[in-house]
Amino acid sequence: MSETMFGTEMWALWMLVLAVAVILPFWFIFPKAGYSKWLSLLMVIPLVNVILFYFLAFAKWPSLGNSNT
């Protein structure tokens, strides 16, 4: 029984580490682009992260003003 508990706890720990590894860079990227840093929390939701990634890549960034091409 304890072996199963250990495996479950390790799985949860790895998921937490991976979530932080994904959220942290976007926590700094979104404010530089002129968007709320809280949008980075959406990057751990499947399919939403892909849509948000494309939005970030192709949207006009408010922080650049009108100079964005």
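**Nonpolar surface, core and ring pairs in a two-helix model**

A nonpolar patch on the surface is formed by Trp-11, Leu-13, Trp-14, Met-15, Leu-16, Val-17, Leu-18, Val-20, Leu-24 and Phe-28, which together present about 1,000 Å² of accessible area. The structure in which this patch appears is a predicted model, and the values given here are computed from that model. Val-17, one of the residues of the patch, is placed in helix H1 and has a relative accessibility of 42%, so that it counts as partly exposed, the class between the limits of 20% and 50%. For the protein as a whole, the exposed area comes to about 5,600 Å², of which carbon and sulfur atoms supply 76%.

The secondary structure consists of 2 helices and 0 strands. Helix H1 covers residues 2-33 and helix H2 covers residues 48-58, with a loop between them. Of the 69 residues of the protein, 14% count as buried. When contacts between residues at least 6 apart in sequence are considered, 36% of them join residues at least 24 apart.

In soluble globular proteins, nonpolar side chains tend to be buried together. In the present model, the largest nonpolar core comprises 8 residues, namely Phe-26, Phe-30, Ala-33, Tyr-35, Met-43, Leu-52, Leu-56 and Ala-59. H1 and H2 are the elements that contribute two or more residues to this core, and the largest share, 3 residues, is provided by H1.

Within the core, Leu-56 represents helix H2 and has a relative accessibility of 7%, which lies under the 20% limit, so Leu-56 is classed as buried. When neighbours within four places in sequence are set aside, the contacts of Leu-56 are with Phe-26, Ile-29, Phe-30, Ala-33, Tyr-35 and Trp-61. One of these partners, Ala-33, lies in helix H1 and is likewise a member of the core; the C-alpha atoms of Leu-56 and Ala-33 are separated by 8.1 Å, although the two residues stand 23 residues apart along the chain. Ala-33 has a relative accessible area of 0% and is therefore buried. Apart from residues up to four places away in sequence, Ala-33 touches Leu-56, Trp-61, Pro-62 and Ser-63. For Ala-33 and Trp-61, which are 28 residues apart in sequence, the distance from C-alpha to C-alpha is 5.2 Å.

Tyr-35, a further member of the core, is located in the loop between H1 and H2. Its C-alpha atom lies 9.4 Å from that of Leu-56, with 21 residues of sequence separation between the two. With residues up to four places away in sequence left out of the count, Tyr-35 touches Phe-30, Phe-55, Leu-56, Ala-59, Lys-60, Trp-61 and Pro-62. Trp-61 is thus a contact of Leu-56, of Ala-33 and of Tyr-35.

A search of the whole structure for aromatic pairs returns 5. In the pair formed by Trp-27 and Trp-38, the ring centres are 4.9 Å apart and the planes meet at 80 degrees; because this angle is over 60 degrees, the pair is classed as edge-to-face. The pair connects distant parts of the chain, since Trp-27 belongs to helix H1 and Trp-38 to the loop between H1 and H2, with their positions 11 residues apart in sequence. The two partners fall into separate accessibility classes: Trp-27 is partly exposed at a relative accessible area of 23%, whereas Trp-38, at 53%, counts as exposed. Elsewhere, ring pairs link Phe-26, Phe-30 and Phe-53 into a cluster; Phe-26 and Phe-30 also belong to the largest nonpolar core.

The loop between H1 and H2 also holds Ser-40 and Leu-47. Ser-40 has a relative accessible area of 0% and is therefore buried; beyond its neighbours within four places in sequence, Ser-40 is in contact with Ile-23, Phe-26, Trp-27 and Phe-30. Leu-47, by contrast, counts as exposed because its relative accessibility is 60%, over the 50% limit. The phi angle of Leu-47 is near 70 degrees, a positive value in a residue other than glycine.

Terms used. Residues are numbered from 1 along each chain as its sequence is written. Side-chain values use heavy atoms; hydrogens and water are left out. Rings of Phe, Tyr and Trp (its six-membered ring) pair if their centres lie within 6.5 Å; planes under 30 degrees apart count as stacked, over 60 as edge-to-face and the rest as tilted. Helices (H or I, at least four residues) and strands (E, at least two) are DSSP runs, numbered from the N terminus. Buried means under 20% relative accessible area, exposed over 50%, partly exposed in between (1.4 Å probe, protein chains only). Patches are made of residues with over 30% relative accessible area and no salt bridge: like charges are joined within 9 Å, nonpolar side chains (Val, Leu, Ile, Met, Phe, Trp, Tyr) within 5 Å. Accessible areas come from the Shrake-Rupley method with a 1.4 Å probe; for residues, only the protein chains shown count as cover. A salt bridge is a side-chain nitrogen of Lys or Arg within 4 Å of a carboxyl oxygen of Asp or Glu. A nonpolar core is a set of buried Ala, Val, Leu, Ile, Met, Phe, Trp, Tyr and Cys residues joined through side-chain atoms within 4.5 Å. Contact means heavy atoms within 4.5 Å.
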